[in-house]
Amino acid sequence: MRTKILLPETKQAPYLERMNGSHEPIIIEKFPFTLGRNESCDYQVPSTRVSREHAAIQKDGKHFRIKDLGSTNGTLVNGKKIGEALLNDGDLLTFADAEFCFRTPCTEASRVTVTHVMNGGQVAAAEPDSSGEDRAARDFIHAIRSLHEGLLHRALRTRFQPVVELSTGQAIGYEAIRRTEAVHGELPTTERLLQTVDCRLTERWQQLHRLLATEQAAEEGNGNLLLVNLQPAEVGADGLPETLAALQGKLSRKRLIAEIPHSAVVDIPFFREFLSRLRELNVGVCYAGFSSGQNQVRAHEQFAPDYLQLASSLVRGVDRSTQRQQQIKALVDAAVAAGSQIIATGVHSENEAQTCRELGCQLAQGDHYGRPQTMQWGALA
């Protein structure tokens with residue numbers, strides 16, 4: 001391995017930054033610059049998922065390119081698998097489970113990212129007659145860049161919504177919410193990307209959201225619970241229970257609750273093992289968006305969650321629907337028998353809250369108790 005650590009004041013050559021933040025920038029002093037598991041590579045990546053000779057960075061005139069060397073698990077640039085691709089400043093390179101940021105030689109003060117350029121209109125000016133398809137592609141690239149730069153700078157604002165005891169109205173915890181509000185009925189491109197594309201980049205964004213939420217919760221004194229969302233594609237992922245346990249360790253006396261979408265709850269061995277591991281590590285579990293009947297709760301009894309979060313569609317207007325009152329009452333009875341607590345979500349009025357209390361729901365959240373806010377934790381109580 002022939003790797004040189006690059007001091008900040010000598011960044012006159014392209015370099016790589018490890019995304020886990022545990023290494024100084026790595027200078028690329030010769031071409032081709034190879035990466036892989038072998039010691040003979042210019043940079044050795046200690047991962048069993050990385051091939052012996054995984055990829056190579058090459059110089060093409062004034063430009064740089066990356067080439068996959070027939071690796072088993074592939075090379076990705078900004079979440080897209082490639083055989084060979086042109087590199088730009090700020091590109092996210094993924095080699096199996098190892099991530100790097102590619103940087104071209106320039107000073108930090110003079111760096112202009114692709115997102116800055118696109119926001120400044122230079123790209124649009126260069127292509128005045130772009131078709132709708134071209135604009136969609138450019139929006140997608142812009143979203144990828146925004147996600148990547150947000151990761152680098154931890155540029156994510158988390159909102160918290162109170163979870164309250166229905167009997168007292170007191171907040172016992174908060175749910176960390178990352179969702180972005182729609183503008184004129186349409187979500188921003190970055191948010192649409194997060195909801196529709198599963199790749200290492202979006203996975204890192206989810207991880208950052210949970211980390212920042214945990215750090216803020218650890219600094220504030222109110223509430224005993226912090227609920228954090230998992231995406232369906234994350235459920236069962238290797239190492240996720242340990243990652244969540246590390247977040248639990250930051251919370252002191254508070255308890256971390258992993259919200260698993262009900263659509264991802266399946267009675268198969270890998271899910272049972274995933275749930276068992278979370279419990280071994282003292283991470284709580286909540287099945288979110290539940291809208292099925294009491295028979296489904298009973299079917300989950302062997303791997304029942306700590307909390308069962310009802311879909312807001314069940315709760316909205318429940319005070320005026322006898323049918324939904326009966327449905328929620330049956331769910332409450334089944335959940336209590338399984339040892340789970342019900343969280344009624346989407347509570348927007350005192351009448352809805354009162355009905356949920358009478359039906360036996362223990363906890364609730366919704367605009368009636370407070371909208372998601374980016375205020376300080378203590379100010380949300």
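Me: Which residue in β19 is the bridge partner of Gln309?

Reply: That's Ile343. This is a predicted model, by the way.

Me: What makes β18 and β19 a pair?

Reply: Two strands count as paired if at least two bridges are found between them. Here 3 bridges join β18 (residues 307-310) to β19 (residues 341-345), so the cut-off is met. The two strands run parallel.

Me: Which strands close into the barrel, and in what order?

Reply: Go round it as β13-β14-β15-β16-β17-β18-β19-β20, which makes 8 strands with mixed pairing. From one strand to the next, the twist averages 25 degrees.

Me: What makes β15 "largely enclosed"?

Reply: Look at residues 225-229: 5 of the 5 are buried, so the rest of the structure largely encloses this strand. Buried here means under 20% relative accessible area. Both faces are covered, with Leu225, Leu227 and Asn229 on one side and Leu226 and Val228 on the other. That fits a general pattern: side chains in a regular strand alternate between the two faces of the sheet.

Me: How do you know which strands β15 pairs with?

Reply: Count the bridges against that cut-off of at least two. β14 (residues 171-177) pairs with β15 in the parallel sense over 3 bridges, and 5 bridges join β15 to β16 (residues 255-261), again running parallel. Leu226 is a handy landmark: Tyr174 stands opposite Leu226, and Leu226 also stands opposite Leu256 in β16.

Me: What makes the strands β5-β4-β6-β7-β10 a sheet with edges?

Reply: This is an open sheet of 5 strands with mixed pairing. β5 and β10 (84-87) each have a single partner strand, so one side of each is left without a neighbour in the sheet, and that puts them at the edges.

Me: How do you know that β6 pairs with β4 and β7?

Reply: Bridges again. β4 (residues 33-36) and β6 have 3 between them, in the antiparallel sense, with Phe33 standing opposite Ile57 in β6. β6 and β7 (residues 63-68) have 6 bridges, also antiparallel, and one of the matches is Asp60 with His63 in β7. Both counts reach the needed two, so both are pairs. The hairpin of β6 and β7 has 2 residues between the strands, and Gly61 there takes a positive phi near 65 degrees.

Me: Why is Asn282 worth a look for its phi?

Reply: Most residues other than glycine have a negative phi. Asn282 has a positive value, near 65 degrees. Asn282 is in the loop between α7 (269-280) and β17 (284-290).

Me: Why is Asn282 called partly exposed, while His54 is called buried?

Reply: Partly exposed covers the range between the buried cut-off of 20% and the exposed cut-off of 50%. Asn282 has a relative accessible area of 44%, so it falls in that range. His54 is at 0%, so it counts as buried. You'll find His54 in the loop between β5 (43-44) and β6 (55-60). The C-alpha atoms of His54 and Ala96 are 9.1 Å apart, although 42 residues separate them along the chain.

Me: What makes the bond between Phe31 and Pro32 stand out?

Reply: Most peptide bonds are trans. The one joining Phe31 and Pro32 is cis, with omega at about -5 degrees. Pro32 is in the loop between β3 (26-27) and β4.

Me: What makes Phe31 part of a cluster?

Reply: Two rings pair if their centres lie within 6.5 Å. Pairs of that kind link Phe31, Phe64 and Phe102 into a cluster. In the whole structure, the search finds 6 aromatic pairs.

Me: How many cavities of 30 Å³ or more are there?

Reply: The count is 1. The largest cavity has a volume of about 50 Å³, so it passes the 30 Å³ cut-off.

Me: What kinds of residues line the largest cavity?

Reply: The lining splits into 6 nonpolar, 2 polar and no charged residues. The residues are Val297, His300, Ala304, Pro305, Leu308, Ala335, Ala338 and Ser340. Ala, Val, Leu and Pro count as nonpolar, so His300 and Ser340 make up the polar part.

Methods
Residues numbered from 1 in each chain as written. Predicted model: local features only at pLDDT ≥ 70, side-chain atom pairs only at ≥ 80, totals over all residues. Heavy atoms only, no water. 1 Å grid on protein atoms, 1.4 Å probe; cavity = no way out; pocket = protein on both sides within 12 Å on 5 of 7 lines; lining within 4 Å. Helix = DSSP H or I, 4+ residues; strand = E, 2+ residues; numbered from the N terminus. Axes fitted to C-alpha atoms, helices over the stretch in contact; angles between N-to-C directions. Phe/Tyr/Trp six-rings, centres within 6.5 Å; stacked < 30°, edge-to-face > 60°. Buried < 20%, exposed > 50% of the residue type's maximum accessible area, 1.4 Å probe, protein only.
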